[in-house]
Amino acid sequence: QVQLVESGGGLVQPGGSLRLSCAASRTIFSIYAMGWYRQTPGKQREFVASITDGTGPNYADSVKGRFTISRDNAKNTMYLQMNSLKPEDTAVYYCNVVLMGASNYWGQGTQVTVSS
């Protein structure tokens with residue numbers, strides 16, 4: 001079993017930056033993809049960014065050029081660097097890991113609020 005713990009959320013002003021972290025309880029093998037999603041009340045959880053081995057990162061159009069997804073395998077940690085934040089980026093952000101065989105792990109979510 002794998003637990004994912006997210007951190008780094010908080011309150012920032014428009015135009016500010018945050019870096020979210022997603023730490024796994026252990027090294028995860030046979031990863032198909034990993035990424036970030038976000039959700040606001042009453043709305044569907046939406047894709048933000050992902051990494052798949054052997055390909056470049058993918059980003060939602062709404063965050064492309066502002067967000068960067070990365071990982072540090074030695075620390076079992078994935079990051080989402082968020083720059084030029086906008087009020088519409090306000091959401092709970094969730095870490096996601098999909099394994100070969102379609103096992104799907106989610107973090108608990110971390111709140112990001114962009115407001116003056």
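The following exercises, with worked solutions, concern a predicted model of a protein chain.

Local features need pLDDT of at least 70 and side-chain atom pairs count only at pLDDT 80 or more, while totals for chains, interfaces and linings use all residues. Residues are numbered from 1 along each chain as its sequence is written, and side-chain values use heavy atoms, with hydrogens and water left out.

**Exercise 1. Fold content and overall dimensions**

Task: State how many helices and strands the protein chain has, and compare its radius of gyration with the globule rule.

Solution:
- Step 1. Helices (H or I, at least four residues) and strands (E, at least two) are DSSP runs, numbered from the N terminus.
- Step 2. With these criteria the protein chain has zero helices and eleven strands, in the order β-β-β-β-β-β-β-β-β-β-β along the sequence.
- Step 3. The radius of gyration of the protein chain is 14 Å, close to the 13 Å given by the globule rule for 116 residues, so the chain is as compact as a globular protein of that length. The radius is taken over C-alpha atoms, and the rule is 2.2 Å times the number of residues to the power 0.38.
- Step 4. The C-alpha trace spans about 40 × 30 × 25 Å along its principal axes.

**Exercise 2. Burial, contacts and charge**

Task: Give the share of buried residues in the protein chain, the share of contacts that join residues at least 24 apart, and the separation of the mean charge positions.

Solution:
- Step 1. Buried means under 20% relative accessible area, exposed over 50%, and partly exposed in between (1.4 Å probe, protein chains only). Buried residues account for 41% of the 116 residues.
- Step 2. Contact means heavy atoms within 4.5 Å. Of the contacts between residues at least 6 apart in sequence, 53% join residues at least 24 apart.
- Step 3. Lys and Arg count as positive and Asp and Glu as negative, with His and the chain ends not counted; the place of a charge is NZ of Lys, CZ of Arg, CG of Asp or CD of Glu. The mean positions of the 10 positive and 7 negative charges lie 2 Å apart.

**Exercise 3. The aromatic pairs**

Task: Classify the ring pairs of Tyr37 with Phe47 and with Trp106.

Solution:
- Step 1. Rings of Phe, Tyr and Trp (its six-membered ring) pair if their centres lie within 6.5 Å; planes under 30 degrees apart count as stacked, over 60 as edge-to-face and the rest as tilted. The count is two aromatic pairs.
- Step 2. The ring centres of Tyr37 and Phe47 are 5.8 Å apart and the planes stand at 75 degrees, so this pair is edge-to-face. Tyr37 is in strand β4 (residues 31–39) and Phe47 in strand β5 (residues 46–51), so the pair ties together parts ten residues apart in sequence.
- Step 3. For Tyr37 and Trp106 the centres are 5.2 Å apart and the planes at 65 degrees, so this pair is edge-to-face. This pair links distant parts of the chain, with Trp106 in strand β10 (residues 104–106), 69 residues from Tyr37.
- Step 4. Ring pairs thus join Tyr37, Phe47 and Trp106 into a cluster. Tyr37 is partly exposed at 24% relative accessibility, as are Phe47 at 29% and Trp106 at 35%.

**Exercise 4. Two buried strand residues**

Task: Describe the surroundings of Ser50 and Phe67.

Solution:
- Step 1. Ser50 belongs to strand β5 and is buried, at 13% relative accessible area. Beyond its neighbours within four places in sequence, Ser50 contacts Met34, Gly35, Pro57, Asn58 and Ile69.
- Step 2. Phe67 belongs to strand β7 (residues 67–72) and is buried at 2% relative accessibility.
- Step 3. Beyond neighbours within four places in sequence, the contacts of Phe67 include Arg38, Val48, Tyr59, Leu80 and Tyr93. The C-alpha atoms of Phe67 and Val48 are 8.7 Å apart, and the two residues are 19 apart along the chain.
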